[in-house]
Amino acid sequence: MFSKNTIYLFIILVAATLLISISTYFTYRNSLTAVEDSLKLHALGIAISLESALSKIDLQKNIFTDIVAEGKWEGIAFISLYNQKGATLMHSNEELISKVVDDEFIRKTIATRESVYGYMTLGTDENIFVLNFPAHIHNTFSILRVALHKYPFEKIIRQARFQAISAITVVFILWIMGIFFFRTLKKSEALNKAIEESQRLAMLGEMSSVLAHEIRNPLGSIKGFAQLVLEQSKGQETYTREIEEYLSIIITESKRLESLTDDLLLYAKTTEYRADAVDISAIIDESVKNIMANIESKVIDFKLSIPESLTIKTDHDKLKQILINIIQNSVEAISENGIIEIIAKHKNNLIEILIQDNGCGMTEEIRKNIFKPFFTTKAKGTGLGLAIVEKLLKSIGGKIQLQSEYGSGTSFKLIIPKQI
Ligand SMILES: Nc1ncnc2c1ncn2[C@@H]1O[C@H](COP(=O)(O)OP(=O)(O)OP(=O)(O)O)[C@@H](O)[C@H]1O
Ligand SMILES: [Mg+2]
């Protein structure tokens with residue numbers, strides 16, 4: 001169903017999407033780790049500097065307020081110092097001094113005597129990064145807490161997010177372009193197929209017309225001589241029923257071949273046209289009469305509804321051929337008895353002729369193929385009838401529409417310009 005090119009295109013798109021998605025995912029994940037690493041490093045640097053500064057001064061004096069106010073270090077939310085019981089010895093917010101803090105970070109730092117990292121939420125709902133550092137100041141174990149705002153460090157995440165959005169946009173554009181390309185590809189493949197098919201048909205048409213020409217003359221002689229022999233042998237001694245039967249077969253089969261060569265020539269002929277004044281009622285009448293003359297062993301009720309004095313300018317012979325081919329098909333679609341309705345209408349500068357039968361109808365498969373030359377479902381059909389109809393209609397600027405249901409019947413609508 002899908003061509004090789006389409007499959008390659010699809011594989012390239014899927015591969016590009018996967019590649020971009022995976023690399024975006026890893027870039028984003030790495031950016032999260034990078035932010036945490038830089039927060040840790042920054043906090044640790046501050047903690048070590050503070051530890052050494054505090055070792056040199058008297059702990060009665062709160063220096064943290066000044067440090068935060070100076071803005072020496074970027075991103076400090078607060079800094080504090082606790083003793084082993086969690087009592088606040090020093091705090092950048094003086095009001096909190098001597099308050100006892102008992103949270104999991106303090107407990108873990110006391111228990112492990114190692115740095116403990118984590119996140120906590122402030123009363124302002126801001127989530128901050130916290131380092132709890134085991135400090136040894138004046139030979140006493142205390143806990144130094146450095147709390148950092150995350151936003152100055154989240155630049156990397158913002159960049160990664162921007163990259164992710166750009167990547168999603170690129171993937172989206174790639175797929176839109178892919179779909180567009182896929183549709184163009186499909187169209188051009190269909191076009192190529194149509195060109196190949198029309199070249200094949202043109203060659204077939206040319207060959208058929210050469211063959212038809214070559215067959216026509218000898219066929220005329222065969223039929224003519226068979227008719228002559230049949231006439232001359234009547235009443236002679238050697239004349240028998242068998243001879244009459246054999247000669248009649250030669251004559252009917254020759255006639256069949258003649259009509260086939262006529263069809264082939266008609267199909268292959270160039271599409272010049274004449275502009276005659278054509279009375280629609282009269283031409284439909286003539287066509288129906290032509291066909292009725294050849295109907296054997298069927299009862300067909302023709303119902304005609306055609307406005308009087310509806311005259312158009314078109315090629316008389318071509319329109320008649322079109323009508324005969326379509327009506328003939330309707331007759332052939334009816335097995336024993338049936339109705340064929342022909343309705344003509346005029347609409348602005350067009351006329352519509354509807355030919356409707358209650359015959360066998362067509363399956364979907366047949367409907368798809370009926371205009372292809374040599375497509376037939378009949379034992380003695382050539383399959384050229386509707387191919388000729390289509391070609392002749394085109395040459396007089398007309399169109400044909402089909403509606404058919406298997407088992408119920410068929411209707412063809414001819415739409416023809418009033419002026420060729
Ligand atoms: N009115 C119809 N009802 C049912 N089937 C139809 C009708 N008209 C056409 N068809 C189908 O379309 C096919 C092609 O028709 P087309 O006239 O081109 O060829 P054909 O009638 O088979 O042979 P011929 O060259 O003798 O006309 C038919 O064989 C038939 O299956
Ligand atoms: Mg036919």
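# Ligand 1 and helix α3, step by step

User: This is a predicted model, so what makes the pair between a nitrogen atom of ligand 1 and the side chain of Thr-410 a polar contact?

Analyst: In this predicted model, a nitrogen atom of ligand 1 sits 3.3 Å from an N or O atom in the Thr-410 side chain. A polar contact is a pair of N or O atoms within 3.5 Å, so this pair counts. As for cover, ligand 1 has 590 Å² of accessible area on its own, and the protein covers 92% of that.

User: What makes the backbone of Leu-386 a polar partner of ligand 1?

Analyst: A backbone N or O atom of Leu-386 is 2.8 Å from an oxygen atom of the ligand. The cut-off is 3.5 Å, so that pair passes. A polar backbone atom of Gly-385 is 3.2 Å from an oxygen atom of ligand 1, so it passes too.

User: Which residues are closest to ligand 1?

Analyst: Of the 22 residues that surround it, the closest are Thr-376, Thr-377, Lys-378, Thr-382 and Leu-386.

User: Over to helix α3: how do you know that its buried residues line one face?

Analyst: Phe-105, Ile-106 and Thr-109 are the buried ones, in a helix running over residues 104–112. Looking down the α3 axis, the buried residues fall within an arc of 100°, so they line one face. The face turned away from them carries exposed Glu-104 and Ala-111.

User: What do the buried residues of α3 pack against?

Analyst: Strands β1 (76–82), β3 (116–121), β4 (127–137) and β5 (140–148).

User: And what is the phi of Arg-113, just after α3?

Analyst: Arg-113 takes a positive phi, about 55°.

Definitions and conventions
Residues numbered from 1 in each chain as written. Chains lettered and ligands numbered in written order. Predicted model: local features only at pLDDT ≥ 70, side-chain atom pairs only at ≥ 80, totals over all residues. Heavy atoms only, no water. Buried < 20%, exposed > 50% of the residue type's maximum accessible area, 1.4 Å probe, protein only. Helix = DSSP H or I, 4+ residues; strand = E, 2+ residues; numbered from the N terminus. Arc of directions from axis to C-beta. Contact = heavy atoms within 4.5 Å. Near = heavy atom within 4 Å. Polar contact = N/O pair within 3.5 Å; in protein donor to acceptor, adjacent residues only side chain to side chain. Areas by Shrake-Rupley, 256 points an atom, 1.4 Å probe, with all protein chains shown as cover.
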